[in-house]
Each structure stands twice: as C-alpha cells, then as structure tokens.
Amino acid sequence: MGATFGRGFTREIRTMDNFIVNLSIFVLACFVGYEIITKIPPLLHTPLMSGSNAISGITLVGSLVAAGSGFVALLSREGAISVLGFLAVLFATINVVGGFLVTDRMLGMFKKKD
Amino acid sequence: MKDFLLNIDRSYLTLAYLLAAVLFIFGLKGLCRPKTAVRGNLLNALGMLIAVLATVPLMYREGHGPTADPNISPLSTIGLVVAAVLIGSVIGAFCALKIRMTAMPQMVALLNGFGGGASVLVAGAEQLANGKAADFDVAVAIFASGLIGAVTFWGSLVAFAKLEEYKAFKKPFFYPGLKTINALLGLAAVALLIYGITHPGETGAYWGLVALASVLGLTLVNPIGGADMPVVIALLNSYSGLAAASTGFVLGNSVLIIAGALVGASGVILTQIMCKAMNRSMTNVLFGTMGPSAGSASADDVYAGKVKATTADEVAMMLDGARRVVVVPGYGMAVAQAQHAVSELAQYLESKGVEVDFAIHPVAGRMPGHMNVLLAEAEVPYDKLKEMDEVNPTFSQTDVAIVIGANDVVNPVARTDPHSPIAGMPILDVDKARTVVVVKRSLSPGFAGIPNPLFAADNTLMYFSDGKKAILDLLAALKEQ
C-alpha cells in the first residue's frame, strides 16, 4: 500500500474509512442498546446497573491490547510500570468479577409467588 | 502452544470479539424479564470471558514483536497478568458475596470507581512504557482514559462516601465561586489534554491531567446531595461506557465500541428515568441546589394541631377489617433494615385474606430499583411489586396505605403547589386511600426540606417509631387479636 509514495495519504484515507466503519458500529449499537434497555422493567434496574457496570470493565481488554507491548515491558524496564499494570488488571478484575457475581446474587432473589 | 499463540489469525480474534458483543446483546435482552435475567447475566459474563481470552494471543504476539525486550519471556508477563486476575477475582467475589443488599448502591459506586481507576493505571503504564513513541491515536487513548478514568474514580469514591453517610460528606458542600472554580478546572483539564496529545512524550503532562481530573471528580460530585446519588451513579456508569467506546474507536476494536455503546445507553436511559421521576433536569440535579423555596409553608403552619399519632394496637384493629393494603417503602425502610419485617407483615395479612401490594416509586431508595432488590431479598414475590403508573389508580380502592420511610415521593404538594421545589414531580397518590398510616420517627422533612401536608391530612395517622420496631410491634398486636 504505497510504501514509498504517498504513504501518509493512503494512511489518512484508511484511517477515515476505519473511523466511519467504527462510527457506524457505534451508532447502530446505540440504537440496539436503546431498544433493549428501555424494555428492561424498573423492577430489574439495580441488576441492570451492576451488570452493565461489569460490562464496562471491557476496557480491560482494550487496555491489554493497547498496552500490549507496554505490558511486556512490565517486568523489565521500570518497576513503576509493572506496579501500575498489575494494579490496573487487579482493579479491572475486581470490577468485572464483583459486578457479575453481585448481579447474579441479586437476580437469584427475584422469585414469583408459588 | 507457543506456535499456536503466534500464528493464530487475527481475524479469528476479531470473530471472537464479535461473538462477545453478540453475547452482551443477548445477555441484556435476558434482563428484560426476571425469568430470563439470571441466564442473561451469565451470557454477559461468558461474553466477557471470551473477549479476555481472545486478548491473550494478541498480548503474546506483541511480546514477540520488534519492540519487545529479548530478555523477558512474554509468558512471564502473562503470568503476572494471571496473578492480578486471580487476586482481583478473589477480592471481587468476596465483596459480591458479603455485601448487604441495603448497601448495594455503595457497592455499585465502588465497583464503578475501580473500573475508572483501572483506566487511569493502564494508561499510566502505557505512557511510561511507550509514551514517547506513541502515535497520535494511542496518545488520544492514553490521555482521554486518564481524564475520564480519574473523574470516574474520585467521583465514584465521593458517591460511595455519601451513600455510606460518612460525616464529612453528609451535607452538600458549597463554597463561594464553586461553579467558576469547576469551570476553570474543566478548562485547564481540556487544555492539558490537548497539550498532552500533541506532546505525547510528556509523562508529567499525563500525571498533571490525572491530578486535575481527580480534583474535578471531587468538586463535581461533592456538592450533590445524597438523595441525588442515584442519578450521579447512573451518569458515572454511562461515562465508563463512553470511555470504553472511545478506546474502541482508537483501537478499531468492535467489541469495545459495542459494549461501550450498550453501557452508555443504559446509563443515559437510567439517568433520564430518574430525572423525569423527580421532574428535574439533569443540569438541575448536577449543578443546581435544592431547598425550601421562600413561598412554601412552614412546618408549624402545616402540622400545628392537625397531626394524629397512633399506636400498634390501633393500626392492627384497622388492618383487621381491611380488604386491600398497599405498602409504600422508601429509603427509611432500608436504613431501618425493616424489609424482612415488612415482608412478614404482608405474608401474615395475606394469610388472613387481605390483598397486599407494594407501591414502588422510581426514585425510592438510593439507586434505581433499590426497593425491589431489598424486597426480593426479603422474599416478597416480584409480581407484588407494582410500578407507580400501575398502582396509582388503585389507591382509591385501598383501605390502608402503609408508608414506611418514604416522604417526598408521597407529598401531595407536588400536585398542588406550583412553587414548591418538588412541583410537578410524579408522586404516589397514597392520600387517596381510605386511611394512611405513616411509619416515621419524627416529623422531620425529607430531602426536599419541605413539610408534608400528608402527615396532617384527616385520613392520615402517624405511627412514630423506628421502622423495624414499628412493623414488628404491629405484627405482634395483629397476632394477639
């Protein structure tokens, strides 16, 4: 892809295309989210909050990808980096695991009259 | 194993991310009905597991890339991550299994804070490791995560402190020029954000931004009162969704974008519902102040000589002849831990042939749906928990309405006085019931700080007592009859 000539140009186009693809995904996902979440009854709004809170822990994945090479540097270059990275994964896991488990615990309590 | 991790095609990983996103959508759809909700939550968790596992080969491959340090084994890095995941899982599981249901709002605030803190830390690690070589898009991700993450972290911690009712945070805290200072802080943060993105090597700029955003998180949330915390938590929740989505944009990662959009939508919708249920705009909740307006009646005018106190025996006699009873719980029920006693009372009345329903106002409690979770814990069947619109028309056919720990959400002033701070707020029409019994410790006002004419109404009896004790005494009196 234009390695020598106009590399920046093709890169710019690619970036724009990517951006528009991503924007489409985002907008469509917002519609899906709106349609589904307005149908969730107030009865279950607390589990919805704790459950969606756990989903937002997906940033962990993003962080791991973005910081892929940074994570490899964890063990070597500077102790500070490994401490930060370790704590980041720790925090994110508390968010995800705690969120899903507490949601499960709450939902298990909702019972119909028998 | 090593070869597999190195050679696995990137498109398979992308497909795994897509699968995770689909699971999130199905999982949230499952939350639409109590019957399917447990499975829905499991699907969400499965989606998360798949997304995390799909990330492992990516990390491993980065470890073999040209930028990797040849002296370190990438497996040891993965080992470190696994250790963090294990410890985090134990802590998360411990909190989730130990927490009391009355403390659920605090728990959600705290978990949200952990999510924000993770963003700050990971972006900080990336900045230290690769900041100088960072591309424009990575720099945007780093600095945006730092800003949103720090605001979320400190904002959530303040929300937690307010919900736990720590003394220092109990009262909304104001000082002159608060709004101006916040605006200046916000502007400074944006300026630093732009500087950081254009000078990606400046680690000092990153931590400066984090420090500014931390102060901003504190000063933004601190002036907001405890009863408005549900809105704040919902909003912070949507922030963390938007943070995920924006990271997804930078990385071109679809699962981040989709999950972020779903969480963002959930937070925004819940925020809207809460604001509508209080008839206030989001700006008013976040930046406005609430208090008695000049024109509203004083407590003495409203209550003097008109309040009738009652006893357990009197209420028990009244309930004896009742056919339909509606219980209206509020935050006070959670504070008094009275949900089990209330559930027992309802079961007893039903065994005597009385029809019992629970009327749940959208903003009752300290987070959306808080009362439902408490009553479900106390084994009240969920089909007895009625929403406001469903239950309001039935109050005129209700013999006794028992209000326990609710105040502003049953204040008829919302319908009658257009100058009241709660004017226009949709309320539960308990005053239309034949008799209203209000369980309350004193005549102290609710969050809106205004007297409640319901307490002085002809058909209202005040049952002054602690919530739990009141219901237990009432139950004893009923059983003695």
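This report looks at how chains A and B meet, and then at a sheet in chain B. Bear in mind that the model is predicted.

**Where the chains meet**

Start with the interface: 84 residues of chain A are in contact with 103 residues of chain B. On the chain A side, five helices each give two or more residues to the face that touches chain B: helix 1 (7-38), helix 2 (45-55), helix 3 (59-66), helix 4 (68-72) and helix 5 (79-107). Helix 5 of chain A has the largest share, with 27 residues. As for chemistry, here's how the residues on the side of chain A that touches chain B divide up:

| Residue class, side of chain A touching chain B | Count |
|---|---|
| Nonpolar | 49 residues |
| Polar | 27 residues |
| Charged | eight residues |

**The sheet in chain B**

Over in chain B there's an open sheet of six strands, paired in parallel and ordered 3-2-1-4-5-6. Strand 3 (385-387) and strand 6 (460-464) of chain B sit at the edges, each pairing on one side only. From one strand to the next, the twist averages 25°.

Zoom in on one pair: strand 1 (residues 324-329) and strand 2 (residues 355-360) of chain B run parallel, joined over four bridges. In that pairing, B:V327 stands opposite B:F358 of strand 2.

What lies across this part of the sheet? Helix 17 (residues 370-377) of chain B lies across strand 1, strand 2 and strand 3 of chain B. Helix 17 of chain B runs at about 145° to strand 2 of chain B.

Technical notes:
Residues numbered from 1 in each chain as written. Chains lettered and ligands numbered in written order. Predicted model: local features only at pLDDT ≥ 70, side-chain atom pairs only at ≥ 80, totals over all residues. Contact = placed C-beta atoms within 7 Å. Nonpolar A, V, L, I, M, F, W, Y, C, P; charged D, E, K, R; others polar. Pairing = 2+ DSSP bridges. Axes fitted to C-alpha atoms, helices over the stretch in contact; angles between N-to-C directions.
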